[in-house]
Amino acid sequence: MLYLLETRELSKVYTETGGELEILKNVNFWLTEGSIAVLTGASGSGKSTFLNVVGALDKPTSGSVFFYGNEMSKFSRRVINRFHRKNLGFMFQFHHLLSEFTALENVLMPARIDKRNVKESREMALELLDAVGLSERTEHLPRELSGGERQRVALARALMNKPSLIIADEPSGNLDEKNAEILKSLILELNKKYNQTFLIATHDMDLVEIATHRWTVAHGTLSIR
């Protein structure tokens, strides 16, 4: 079976003064297109490290990462950069919006970096902001938005280039209960409407409820439940 994302015997070791710290240990993982995979586990278990490696933000020490069957370690830096733009959207616990740009301009940023058609990109960005319930907040700066609204802008931005996969690291970590519920509903709706694939690391058990597959991370290894 051809998986959207797959790892084989993936390991990550950091060298520190006086020794080595093994974060990931021979991890075998798979992710099917159109699914919502959720990683759970204690802080420090290796969730964020795993996301960074499979998202090509960091390199594995050993083992392989495959994206639609293509081994990513064989990609050049130029190909990796293009791969990021075309295939991946990222969300983090902190929204990382650009403070001097409006909600619309923040959402448009991936398209501008990719040098896409301005008119078509603007139409897409407006559609995405409407999809996340922010059609009336397009010209607001981040400081004029609530925490939940900022995270929804970040979600729209992650979707801007129609990525194959959205990688989210604790996306509801800074949200109150109401906004966390809104975010969960949006992820589920986008998954159903666009067949959007998500890989989410979280402590939020409400997000676990919508998972197609739940993986537990413990002591550097992953197991499916």
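How many salt bridges does the structure hold? The count is eight, a salt bridge being a side-chain nitrogen of Lys or Arg within 4 Å of a carboxyl oxygen of Asp or Glu. The model is predicted, with local features needing pLDDT of at least 70, side-chain atom pairs counting only at pLDDT 80 or more, and totals for chains, interfaces and linings using all residues. Residues are numbered from 1 along each chain as its sequence is written, and side-chain values use heavy atoms, with hydrogens and water left out.

A good place to begin is the pair formed by Asp114 and Arg85, whose closest N and O atoms are 2.9 Å apart. Asp114 lies in the loop between H3 and H4 while Arg85 belongs to helix H2 (residues 77-87), so this salt bridge ties together parts that are 29 residues apart in sequence. Helices (H or I, at least four residues) and strands (E, at least two) are DSSP runs, numbered from the N terminus. Asp114 counts as buried, at 14% relative accessibility, whereas Arg85 is partly exposed at 29%. Here, buried means under 20% relative accessible area, exposed over 50%, and partly exposed in between, with a 1.4 Å probe and protein chains only. Lys86 also enters the picture, being linked with Arg85 and Asp114 in a network of salt bridges.

A further salt bridge joins Glu209 to Lys184, with 3.7 Å between the closest N and O atoms. This pair links distant parts of the chain, 25 residues apart: Glu209 sits in the loop between helix H7 (205-208) and strand S9 (213-218), and Lys184 in helix H6 (residues 177-194). Glu209 is exposed, with a relative accessible area of 59%, but Lys184 is buried at 12%. Glu71 and Lys74 likewise meet through their side chains in a salt bridge, at 3.8 Å from N to O. Lys74 is exposed, at 68% relative accessibility.

Backbone geometry offers two more residues to look at. Most residues other than glycine have a negative phi. Tyr68, however, has a positive phi near 50 degrees. Tyr68 is found in the loop between strand S4 (62-67) and strand S5 (70-71), and is partly exposed with a relative accessible area of 29%. For Lys115, phi is also positive, near 55 degrees. Lys115 lies in the loop between helix H3 (103-113) and helix H4 (118-131), and counts as exposed at 74% relative accessibility. The loop between H3 and H4 is also where Asp114, the partner of Arg85, is located.
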